[in-house]
Amino acid sequence: KTEYKKVPDEEANKDLAEGEEPKMKTVPETTEGYEQMNTNKPIWLRSPSEVTEEEYKDFYQSAFRASYDEPMAHTHFSLEGQIECKSILYIPGMLPFELSRDMFDEDSRNIRLYVKRVFINDKFEDIVPRWLKFVRGVVDSQDLPLNVSREILQKSKVLSIINKRLVRKSLDMIQSIANDEDESKYIMFWNNFGKYLKVGVIEDQRNKDDIIPLLRFFSSANEDEYTSLDQYIEGVKEGQKSIYYVTADGKAKAKMSPAAEKVRSRGFEVLYLTEPLDEIMIESVTNYKDFKLVDVSKEGLNLDDEDKEERQKKEEELNASHKSVKEFLEAALAGKVQKVKMTDLLTESPAALVQSAYGMSPTMQRYMKAQNVASGGSDAGAMGSFNQAVLEVNPNHPVVQDLEQMIKAQGEESEEPKNFATLIYDVAALTSGYEIEDSGDFAQRILKMMTSKAVVDIKDAEVEAAIVEEETAVVEEKVSSVEVVDAVTEED
């Protein structure tokens, strides 16, 4: 650094008279050396008891360029023993912008890795599993080499230990939010990051059991608030051994589903799984505690309040007593359904489409079709032949009873019963979440039915008018006869 000081000016003072004050001049003096500019320790190296909440917040906002976001939770910890490591982790208050476009954005910088206080990188994918992509933080290791590379990290036992610890601390943070008295905090967390936990259930077998209690769903018992599996279990009926769920494209469609109706009518709660990711995730959760998870839209549903053999016997009796309509529907819907069976589980709907045990739901079929088209494949029309649904029919419904009467009156070859049967299938497909393959044909059938109904109504109106006219004529004739008799009586 350069400093300035005053020294006597020798040239100016040559002719200086005795007793006069010497003249001075200012000269620069430069010295070289080192001065420590930052005397503060990095925040993650300080003791958690020395760091205030405001400092944690300020560090998060500056380090991760999140000026308008306040972290929902944070944890500050260190590892000692086999390895030494210090870390701070944050759960953001809102979904980071880059993750809103792509939930696994490769350019997202979530964990900043330091080695001996030297910044190395913030894009190492293996430092946390990808289902924790939303967690932000700093990790400072004393055991990794400074020339660390991706290949070194992949083989490093140190990284494996750090990874496990970061996952454990992240789960503890999420659990603390879930246990908070303010339930709105976890609702906000779930709305922002719930999909990441679902991916965790699918991909992280080691921590799956810790993630499952953190899952939330809507249900038939409460359509406006989230329900956990533990809350579901608290409200089960006596003797219930299953957790029932239905997949759909939203709460409204899940509620409308005839498959869910079969279970709701018996007083069982049904979970609504409303995203394609839910169906993939739930395949990894076949059991929870002592309860089996059951998809109500699958064939062969057995409820916990009745015996399996008894249920089978009931269905055999129903199929036998309504054999004619069952065989007619199978013939009329050949190529559309795998088979037709009668059931008394439906209460409000005339029919429902259900998949076989290993069939894909309509939501998943649409998702797979979209994926196939996006990758340059066909429109996945061939997929339908492997996923033909089973049509379950409610013989006690007035619509089905009308079809039976129609078959008896007009015969199986008549066009009207066939159209009626196809309409029953179309309605069951729509309410069960499937798409109508030929919307034009569907519209024509509706128009035919409306026209037929209108013609019948006109004929009925004409017949009724004729009857009224005839009755009026009879009354007028009687009145006329009475008047004649009265006139004769007066003459007498």
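Here is a short talk between a trainee and a mentor about a predicted model, looking at its surface patches, aromatic pairs and salt bridges.

Trainee: Let's start on the surface. What makes E181, D182, E183, D224 and E225 a patch, and of which charge?

Mentor: A negative one. Asp and Glu count as negative, and like charges are joined into a patch when they lie within 9 Å.

Trainee: How do you know that D224 is exposed rather than buried?

Mentor: Exposed means over 50% relative accessible area, and D224 has 65%, so it counts as exposed. You'll find D224 in the loop between β8 (218-219) and α7 (229-234).

Trainee: And what makes I280 partly exposed?

Mentor: Partly exposed is the range between the 20% and 50% limits. I280 comes in at 32%, so that's its class. I280 sits in helix α10 (residues 276-282), and together with Y367 and M368 it makes a nonpolar surface patch of about 230 Å².

Trainee: Which class does P145 get, and why?

Mentor: P145 has a relative accessible area of 32%, so it is partly exposed. Look for P145 in the loop between β7 (136-141) and α3 (150-155). Its C-alpha atom is 8.9 Å from that of K116, although the two are 29 residues apart along the chain.

Trainee: On to the rings. How many aromatic pairs are there in the whole structure?

Mentor: The search finds 14. Take F134 and F189: their centres are 6.0 Å apart, with 65° between the planes.

Trainee: Why is that pair called edge-to-face?

Mentor: Two checks. Centres must lie within 6.5 Å to pair, and planes over 60 degrees apart count as edge-to-face. At 6.0 Å and 65°, F134 and F189 pass both, so edge-to-face it is.

Trainee: Where do the two rings sit along the chain?

Mentor: F134 is in the loop between β6 (118-121) and β7, while F189 is in helix α5 (residues 183-203), so the pair links distant parts of the chain, 55 residues apart. Both F134 and F189 are buried, and they belong to one aromatic cluster with F104, Y186, F193 and Y196.

Trainee: Now salt bridges. What makes E55 and R46 one?

Mentor: The nitrogen has to be within 4 Å of a carboxyl oxygen. Here the N to O distance is 3.3 Å, so the pair qualifies. E55 is partly exposed at 29%, and R46 is partly exposed too, at 22%.

Trainee: How do you know that K418 and E413 form a salt bridge?

Mentor: Their closest N and O atoms are 3.9 Å apart, which is within 4 Å, so the bridge counts. K418 is partly exposed at 31%, whereas E413 is exposed at 67%. Elsewhere, salt bridges that share partners join R168, D172 and D210 into one network.

Trainee: What does the bridge between K341 and E315 tie together?

Mentor: The closest N and O atoms of K341 and E315 are 3.5 Å apart. K341 lies in strand β13 (residues 337-342) and E315 in helix α11 (residues 308-321), so the bridge ties together parts that are 26 residues apart in sequence.

Trainee: Are K341 and E315 buried or exposed?

Mentor: Both are buried, which means each has under 20% relative accessible area.

Trainee: And how many salt bridges does the structure hold?

Mentor: The structure holds 18.

Terms used. Residues numbered from 1 in each chain as written. Predicted model: local features only at pLDDT ≥ 70, side-chain atom pairs only at ≥ 80, totals over all residues. Heavy atoms only, no water. Patch = residues over 30% accessible without salt bridge, like charges linked within 9 Å, V, L, I, M, F, W, Y side chains within 5 Å. Areas by Shrake-Rupley, 256 points an atom, 1.4 Å probe, with all protein chains shown as cover. Salt bridge = Lys/Arg side-chain N within 4 Å of Asp/Glu carboxyl O. Charge placed at Lys NZ, Arg CZ, Asp CG, Glu CD. Helix = DSSP H or I, 4+ residues; strand = E, 2+ residues; numbered from the N terminus. Buried < 20%, exposed > 50% of the residue type's maximum accessible area, 1.4 Å probe, protein only. Phe/Tyr/Trp six-rings, centres within 6.5 Å; stacked < 30°, edge-to-face > 60°.
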